[in-house]
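I am opening my notebook to record what I looked up in this structure, entry by entry. The sequence and the model come first, and my notes follow.

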Amino acid sequence: MFIERTSVGLDVHARTTVGAAIDERTGELVQRRMGADTDEIVAWVTSLPGPVAATYEAGPTGFGLARALTAAGVRAVVAAPSKLQRPVGDRVKTDMRDAVHLARLLRLGEVVEVTVPSIEVESARDLVRAREDARGDLMSARHRVSKLLLRQGIQYSGGKAWTVAHQAWLRSQRFELVGLQAAFDAAYDAMIATVDRRDRLDVAIAAMAADSEFSPVVDRLCCLRGVSTLTGFALAVEIGDWTRLDGRRIGSYVGLTPSENSSGASRTLGGITKTGNGHARRLLIEAAWHHRPTYRPSSPIMRARWDRASAEARARGHAGNQRLHQRWQTFQLRKKRTVVANAAIARELAGWCWSLAVMT
């Protein structure tokens, strides 16, 4: 229920901000164009008849404005853009109309709110996403090196690629043409630089995972197969406050629930929705594949991870590992497509992660 007197919608861009305020008592609509300076925006919002609530869409401008508004005594609501209701027949879109639309939705209580992370959580999330970017860049850099050689008819046949032996084989490649040698050297150097960047980020993540506010959650999450320190830390910072979710809703939060198109007596289910946090979804999908092989609780890797967690977390993780492997066996007996089965395992894995994360 909206209890403030004034509702404010802000259409925020990198250099400009457009505001629209609706006074509940008088019905007056106040509009203003401003710059991107946070102090100017906060000063205008706080000058309106109070109490005041303001909203703007989550985007690349971040959460600094929301924190500044909250510090000034304004209830700040960061809206999820994908959940905003928009008129189907509306074909005119301007910054001012968007601001008014946000103010009206806030007044009606129809804004789906995004949780504003603390500065510490956001900095840890930036670290995790920097590592995600390095992973993608490394894949591209390796692809360029291998395909440059393939165009010359050169293929590696000494085992797995990107091992120590493969790296030595790459360094031994020489070409007579100056241009080709320069191109190969540039591609190879770029790949090595990206590997170094990824390794530095891995060290920083390991240090933060071992000694930070996220350490207890990471240690509990690592009781599950497929959840290494890197994956556990990434899930911890991407989800943030696990208590705002439950075991049923976390699957839909990360976009692992089936899409649906039902009408009347017909009910049609499609692929997963792929909404919500894409970073967490990718990590869960990758971790789910680890539950396909036979589960061995005597594994030294699992034992080392269990040593960092409580007895209750170890028992919960053991039960989860058994359950998820049994689910894989059931899907295989039913001859389910592996990618479909893995998505279902990942959805259930998200629930097991939640149960471990909220454990006290």
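**Entry 1: the whole protein**

What percentage of the 360 residues of the protein count as buried? I found that 41% of them do, where buried means under 20% relative accessible area, exposed means over 50%, and partly exposed is in between, with a 1.4 Å probe and protein chains only. I note that this is a predicted model, in which local features need pLDDT of at least 70 and side-chain atom pairs count only at pLDDT 80 or more, while totals for chains, interfaces and linings use all residues. Residues are numbered from 1 along each chain as its sequence is written, and side-chain values use heavy atoms, with hydrogens and water left out.

I listed 13 helices and eight strands; these are DSSP runs numbered from the N terminus, with helices (H or I) of at least four residues and strands (E) of at least two. Taken along the principal axes, the box filled by the C-alpha atoms is roughly 80 × 60 × 50 Å. Among contacts between residues at least 6 apart in sequence, I noted that 62% join residues at least 24 apart, a contact being heavy atoms within 4.5 Å.

**Entry 2: helix α8 and its two partners**

Two packed helices are described by the angle between their axes and the distance between the axes, and I looked up both values for two pairs. The axes are lines fitted to C-alpha atoms, for helices over the stretch in contact, and the angles run from 0 to 180 degrees between N-to-C directions.

I began with α4 (residues 119-151) and α8 (residues 229-239), whose axes come within 9 Å and cross at roughly 135°. The two helices are therefore oblique to each other, given that angles under 35 degrees count as roughly parallel, over 145 as roughly antiparallel, 65 to 115 as roughly perpendicular and the rest as oblique. The crossing of α4 and α8 is left-handed, a word used if the near helix is turned anticlockwise from the far one by less than a right angle, with right-handed used if clockwise. On the α4 side I found Val121, Ala124, Arg125, Val128, Arg129 and Arg131, which meet Leu230, Phe233, Ala234, Val237 and Glu238 in α8. These contact residues divide into seven nonpolar, no polar and four charged, where Ala, Val, Leu, Ile, Met, Phe, Trp, Tyr, Cys and Pro count as nonpolar, Asp, Glu, Lys and Arg as charged, and the others, Gly among them, as polar.

I then turned to α6 (residues 178-210), which packs with α8 at an angle of about 70°, their axes being 10 Å apart. That makes α6 roughly perpendicular to α8, and the crossing of this pair is left-handed. Asp202, Ile205, Met208 and Ala209 in α6 meet Thr229, Leu230 and Phe233 in α8, and the contact is made up of five nonpolar residues, one polar and one charged.

**Entry 3: Thr6 and the bond before Pro51**

Is Thr6, which has its place in strand β1 (residues 6-12), buried or exposed? I found Thr6 to be buried, because its relative accessible area is 2%. Its side chain reaches the backbone oxygen of Pro49 at 2.6 Å, and the residues that Thr6 touches, leaving out those up to four places away in sequence, include Pro49, Pro51 and Arg107. Pro51 lies in the loop between α1 (38-46) and β4 (52-57), and the peptide bond leading to Pro51 from Gly50 is cis, with omega near 0°.

**Entry 4: two positive phi values**

Most residues other than glycine have a negative phi, and most peptide bonds are trans. I wrote down Trp162, which is not a glycine yet has a positive phi of about 65°. Trp162 sits in the loop between α4 and α5 (164-171) and is partly exposed at a relative accessible area of 26%. I also wrote down Lys274, whose phi is positive and near 55°. Lys274 is in the loop between β8 (269-272) and α10 (278-288), and it is exposed, with a relative accessible area of 58%.

**Entry 5: Ala134**

My last look was at Ala134 in helix α4, which counts as buried at 0% relative accessibility. Leaving aside neighbours within four places in sequence, Ala134 is in contact with Thr194, Arg197, Arg198 and Leu201. The C-alpha atoms of Ala134 and Leu108 are separated by 43 Å, with the two residues 26 apart along the chain.

Definitions and conventions
A polar contact is a pair of N or O atoms within 3.5 Å; within protein, one must be able to donate a hydrogen and the other to accept it, and residues adjacent in sequence count only if both atoms are side-chain atoms.
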